[in-house]
Amino acid sequence: MPSGVFGRLREGLSRSTQKLGGGLSLFARRRLDDEALEELEELLIAADLGVDVAAKVIADFRRSRFGREVTEAEVRDALAAEIAAVLAPVARPLAIDPALKPHVVLVVGVNGTGKTTTIGKLALQYREQGKRPLLVAGDTFRAAAVEQLQVWGQRTGAPVIAGAPGADAAGLAFQALTRARAEQADVLLIDTAGRLHNKAALMEELRKIIRVLRKQDETAPHSVLLVLDATTGQNALEQVRVFRDMVEVTGLIVTKLDGSARGGVVVALAEAFGLPVYAVGVGEQAGDLRPFDAMEFARGLVGG
Ligand SMILES: Nc1nc2c(ncn2[C@@H]2O[C@H](COP(=O)(O)OP(=O)(O)OP(=O)(O)O)[C@@H](O)[C@H]2O)c(=O)[nH]1
Ligand SMILES: [Mg+2]
């Protein structure tokens, strides 16, 4: 139901927009002078676009429209175009290499961002494309985490590899890769724990998983997907920094954009890191993962 999903994205983004869009209505037929530009900059920062993007947009408006009288629609259109230009280079889907069998995807992120749910959603997409995904319950510390992934396996028809509670995640990933190779699976999706007792332990765990995968395939993992929750706002930027220090993150999935008042953070992320945004999460259901479209997103963000 793409229209429903699209509606949810717009609805979620419209909440970011209430800050932005509500403020933008102040610009109805107004001269773009210093004061107006300053207000606009504050609005952009309040909407989580980040100070760098806000400064860039304002500099551009100053250059092209300073002193002119502008309509609200004009401001929205120009703003959407500016934002889309920041987003366009990062709107790159997660490409599964059909030659790999399996393409190994390691899924990381702090707890509660939507890792397990995103794996379920991806598994459904791959099944619908006729591919064969295999899921690995690498968050072995909580029994509930294993069960949650098993439910997604049942829902999507993707086999799930799980160990006993407390099993070694790296050992499990190793076994899973052996099986995926033997069965010629297309994609191996590895779920991981969001939180261990401390950051060093989490880093060690992730690095160990990668080390053992490389014993079988020195090019694995082929993608390392960092899942971020849009509702955490600017904190998402810090999470990227932390995880990039631990592992080689290849791209992002930003979730909870259906309920987020913080869609603007995607713009800040694009500007700060330039990492691909593979897809966006717009709900809890299997079908609620959308391709990331720069213009659609920018439009949703500025509203109108
Ligand atoms: N509204 C909304 N909820 C989402 C989305 N993605 C995930 N969730 C919900 O967020 C909660 C956490 O999702 P999980 O997939 O369990 O997150 P996780 O990263 O695996 O969490 P841990 O295993 O605890 O580290 C669940 O209630 C999900 O249903 C989304 O795009 N929109
Ligand atoms: Mg999980």
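Which residues on the two faces of S7 are buried? Keep that question in mind while you set up the view, because the answer comes after a short word on the model and its labels.This is a predicted model, in which local features need pLDDT of at least 70 and side-chain atom pairs count only at pLDDT 80 or more, while totals for chains, interfaces and linings use all residues. Residues are numbered from 1 along each chain as its sequence is written, chains are lettered from A and ligands numbered from 1 in the order in which they are written, and side-chain values use heavy atoms, with hydrogens and water left out.

**First stop: the sheet**

Select the strands, which, like the helices, are DSSP runs numbered from the N terminus (helices are H or I with at least four residues, strands are E with at least two). Eight strands form an open sheet with mixed pairing, in the order S5-S4-S6-S3-S7-S8-S9-S10. Its edge strands are S5 (160-161) and S10 (289-291), each of which pairs on one side only. Two strands count as paired if DSSP finds at least two bridges between them.

**Second stop: strand S7**

Now select residues 223-229, which make up S7. On one side you will find Ser223, Leu225, Val227 and Asp229, on the other Val224, Leu226 and Leu228, and all of them are buried. Here buried means under 20% relative accessible area, exposed means over 50%, and partly exposed lies in between (1.4 Å probe, protein chains only). Seven of the seven residues of S7 are buried, so this strand is largely enclosed by the rest of the structure.

Add residues 251-255, strand S8, which runs parallel to S7 and is joined to it by five bridges. Leucine 225 has glycine 251 as its bridge partner in S8, and in the pairing of S3 with S7 leucine 225 is also the bridge partner of valine 107.

**Third stop: strand S3**

Select residues 103-108 to show S3, which runs parallel to S7 and is joined to it by four bridges. Within this pairing, valine 105 stands opposite serine 223. S3 also pairs in the parallel sense with S6 (residues 187-190), again over four bridges, and there valine 104 stands opposite leucine 188.

Colour the side chains of S3 by direction: His103, Val105 and Val107 point one way, Val104, Leu106 and Val108 point the other way, and all are buried. Six of the six residues of S3 are buried, so S3 is largely enclosed by the rest of the structure.

**Fourth stop: the loops that lead into S3 and S7**

Go to the loop between helix H4 (72-87) and S3, where you will find proline 102. The peptide bond from lysine 101 to proline 102 is cis, with omega near 10°. Lysine 101 lies in this loop between H4 and S3, and its phi is near 45°, a positive value in a residue other than glycine. With a relative accessible area of 27%, lysine 101 is partly exposed.

Next, move to proline 221 in the loop between H8 and S7. The peptide bond that joins alanine 220 to proline 221 is cis, with omega near -10°.

**Fifth stop: helix H8 and its partners**

Two packed helices are described by the angle between their axes and the distance between the axes. Axes are lines fitted to C-alpha atoms, for helices over the stretch in contact, and angles run from 0 to 180 degrees between N-to-C directions.

Select H8 (residues 199-216) together with H9 (residues 235-246), whose axes come within 9 Å and cross at roughly 50°. That angle makes H8 oblique to H9, given that angles under 35 degrees count as roughly parallel, over 145 as roughly antiparallel, 65 to 115 as roughly perpendicular and the rest as oblique. In H8, Lys199, Leu202, Met203, Leu206 and Arg207 meet Val242, Phe243, Asp245 and Met246 in H9.

Then replace H9 by H7 (residues 169-182), which packs against H8 at an angle of about 30°, with the axes 8 Å apart. That makes H7 roughly parallel to H8. Among the residues of H7 that meet H8 are Ala169, Phe174 and Arg181, while the H8 side includes Glu205, Ile209 and Gln216.

**Last stop: glutamate 271**

Finish at glutamate 271 in helix H10 (residues 265-273), which counts as partly exposed at 29% relative accessibility. Leaving aside neighbours within four places in sequence, glutamate 271 is in contact (heavy atoms within 4.5 Å) with Asp52, Val53, Lys56 and Val86. Select valine 90 as well: glutamate 271 and valine 90 are 181 residues apart in sequence and 9.2 Å apart in space, C-alpha to C-alpha.
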